[in-house]
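Work through the exercises below with the structure in view. Try each task before reading its solution.

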Amino acid sequence: MKEREPNDFYATHPSAIPPLLEVLDWRKPQKIWENSCGTGCLSKPLINAGHFVTSTDLIDRGFGTGGIDFLEPSWLDHEQWDAVIMNPPYKHAQEFVEKSLTLAPVVCAFLRLAFLESSGRKVFFDTTPLETVAVFRKRIPYSKEGKFDDFKSHPVAYAWFIWRRGCQSSPIIRWI
Ligand SMILES: C[S@@+](CC[C@H](N)C(=O)[O-])C[C@H]1O[C@@H](n2cnc3c(N)ncnc32)[C@H](O)[C@@H]1O
């Protein structure tokens, strides 16, 4: 099996953001924390769309503020956020979502569709109901170094997983 990148660094193609914004249908700029920003592939289109984005990452990758472990307490935990938007390290995805929901009423995570599987996440999904799963009709490129052209085919299906604090209904599936 291939080794995963250190700290699970895979850049998401910025084209992942406009369909998310359509689903969210925000009417005014939002204060957003991207807590695992990498080189800013998600933050940049959010900023271009007029939102106020704070971008942090465990590692300094030349964008945003490095050296911030999202799973550890930080001064950013005391800010008021409208939303957290992220492509977190997959092995910590659940912890990232759980902490994000304590900080912001809306949490959007770009994750493999397979995140829906796993009996190990039953309690999590039961107690943390998803509002929407927005599934990409086409595969979104991802890259180790932001060189998206290197990837001719994209073997993994991704979706935006959207939680809204207090949501109690069954999740909606959207195709984007
Ligand atoms: C899958 S990459 C996503 C990068 C970027 N968000 C994107 O979509 O292009 C995951 C990122 O999470 C960062 N990361 C890993 N563990 C972290 C932690 N505990 N706190 C904050 N960031 C972390 C990695 O350094 C990496 O940049």
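**Exercise 1: Around the ligand**

A backbone N or O atom of F70 lies 3.0 Å from a nitrogen atom of the ligand. This is a predicted model, where local features need pLDDT of at least 70, side-chain atom pairs count only at pLDDT 80 or more, and totals for chains, interfaces and linings use all residues. Residues are numbered from 1 along each chain as its sequence is written, and side-chain values use heavy atoms, with hydrogens and water left out.

Task: find which side-chain atom and which backbone atom of D69 and L58 face a nitrogen atom of the ligand, then describe the shell.

Solution.
- Step 1. Take D69: an N or O atom in its side chain is 2.8 Å from a nitrogen atom of the ligand.
- Step 2. Take L58: a polar backbone atom is 3.2 Å from a nitrogen atom of the ligand.
- Step 3. Check the cover. On its own the ligand has 590 Å² of accessible area (Shrake-Rupley method, 1.4 Å probe). The protein covers 97% of that area.
- Step 4. Look at the shell. The ligand is surrounded by 23 residues (a heavy atom within 4 Å). The closest are T12, E34, S36, D57 and R61.
- Step 5. Sort the shell: 12 nonpolar, 6 polar and 5 charged residues.

**Exercise 2: The sheet**

Task: give the order of the 7 strands and name the edge strands.

Solution.
- Step 1. Read the order of the open sheet: β3-β2-β4-β5-β8-β6-β9, with mixed pairing. Strands are DSSP runs of E, at least two residues, and they pair if DSSP finds at least two bridges between them.
- Step 2. The edge strands are β3 (52–55) and β9 (172–175), as each pairs on one side only.
- Step 3. From one strand to the next, the twist averages 20°.
- Step 4. Strand β2 (residues 31–34) runs parallel to β3, joined by 4 bridges. Opposite S55 in β3 stands E34.

**Exercise 3: A loop residue**

Task: locate N87 and list its contacts.

Solution.
- Step 1. N87 sits in the loop between β4 and α3.
- Step 2. Its side chain makes a polar contact (N or O atoms within 3.5 Å, one able to donate a hydrogen and the other to accept it) with the side chain of T12, at 2.7 Å.
- Step 3. Leave aside neighbours within four places in sequence: N87 is in contact (heavy atoms within 4.5 Å) with Y10, T12, S36, L42 and F110.

Terms used:
Axes fitted to C-alpha atoms, helices over the stretch in contact; angles between N-to-C directions. Nonpolar A, V, L, I, M, F, W, Y, C, P; charged D, E, K, R; others polar.
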